[in-house]
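Here's a short set of exercises to work through with the model open in your viewer. Try each task before you read its solution.

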Amino acid sequence: MYHFMTNKAIKKRIWDIPVIAICLLFVFAGFGVFLDFMKEGDIASAAMSVVIVAVNAYVVYRILRHRLLQVKASRYAFALEDAPGIALSMDEYAQMLADDKAEQTFLVLRQGGYLKDVAYNGATRVITLLNTDKPAVTEEFITLECPNCGAKTRVLKGRNARCPYCDQAIIQGQE
Ligand SMILES: [Zn+2]
């Protein structure tokens, strides 16, 4: 069911919402007393209230970032489920996700511990799925030159793709 997603990506923490509510209270309250302290010319207390605002804002940021990465992890994991074989190119994956920052996000999710059972070769830009019951068909990748900008890109043999640099369609002829 939850292929490619770690516990971190799946688990809903019930305390996130109350923690955000409390932290936001501290942010607004801290900002209010900051203005009061500034009016009174109490710089030390004003500085302390800035620290309180910053710490609480940072906690809110971390929780929201985690939630956002969880949502992205499920999108990215489900797209891997849709992959036709155990290997796919990053360009193809980006197209499936309709996301031109797919590689960057994929790496953040993997390094952050949200995705598992997936290997990535940054040099060949090929994703390999591990521990999956997908057919172990060997997909053959070839390097083609973009007809528009000349950039070299790895594509699955026989399948059409788009240039990751200029978005030119790369149509492969019959062989
Ligand atoms: Zn191009």
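**Exercise 1.** In what order do the three strands of the open sheet lie, and is the pairing parallel or antiparallel?

*Solution.* Before starting, note that this is a predicted model: local features need pLDDT of at least 70, side-chain atom pairs count only at pLDDT 80 or more, and totals for chains, interfaces and linings use all residues. Residues are numbered from 1 along each chain as its sequence is written.

Step 1: get the elements. Helices (H or I, at least four residues) and strands (E, at least two) are DSSP runs, numbered from the N terminus. Two strands pair if DSSP finds at least two bridges between them.

Step 2: read off the order. It's E1-E3-E2, with antiparallel pairing. Strand E1 (87–89) and strand E2 (118–121) are the edges, each pairing on one side only. From one strand to the next, the twist averages 20°.

**Exercise 2.** Work out how many bridges join E2 to E3, and find the partners of Tyr120 and Asn121.

*Solution.* Step 1: count. E2 and strand E3 (residues 126–129) are joined by four bridges.

Step 2: match the residues. Tyr120 has Ile127 in E3 as its bridge partner, while Asn121 sits opposite Val126.

Step 3: look at the turn. The hairpin has four residues between the strands, and Arg125 there takes a positive phi near 60°.

**Exercise 3.** Check the length of helix H2 against its expected span.

*Solution.* Step 1: the rule is 1.5 Å times one less than the number of residues. Step 2: H2 (residues 16–40) has 25 residues, so it should span 36 Å. Step 3: its end C-alpha atoms are 36 Å apart, which agrees. Just past H2, Gly41 has a positive phi of about 75°.

**Exercise 4.** Describe the largest nonpolar core and say which element gives the most to it.

*Solution.* Step 1: define it. A nonpolar core is a set of buried Ala, Val, Leu, Ile, Met, Phe, Trp, Tyr and Cys residues joined through C-beta atoms within 7 Å. A residue is buried if 20 or more other C-beta atoms lie within 10 Å of its own, exposed if 12 or fewer, and partly exposed in between, with C-beta atoms placed from the backbone.

Step 2: list it. The largest core has 22 residues, and Leu80 and Tyr93 are among those with the most contacts inside it. H3 gives the most, with six residues.

Step 3: follow Leu80. Leaving aside neighbours within four places in sequence, Leu80 is in contact (C-beta atoms, placed from the backbone, within 7 Å) with Phe4, Val118 and Leu129.

Step 4: see how H3 meets H4. Arg75, Tyr76 and Ala79 in H3 meet Tyr93, Met96 and Leu97 in H4.

**Exercise 5.** Compare Phe4 and Asp167: which is buried and which is exposed?

*Solution.* Step 1: recall the background. Most residues other than glycine have a negative phi.

Step 2: check phi. Phe4 has a positive value near 70°, and Asp167 has a positive phi of about 70°.

Step 3: place them. Phe4 lies in the segment before helix H1 (7–10); Asp167 is in the loop between strand E6 (161–162) and strand E7 (169–170).

Step 4: count neighbours. Phe4 is buried because 24 other C-beta atoms lie within 10 Å. Asp167 has 11 within 10 Å, so it's exposed.

Note on methods:
Axes are lines fitted to C-alpha atoms, for helices over the stretch in contact, and angles run from 0 to 180 degrees between N-to-C directions. Two residues are in contact if their C-beta atoms, placed from the backbone, lie within 7 Å.
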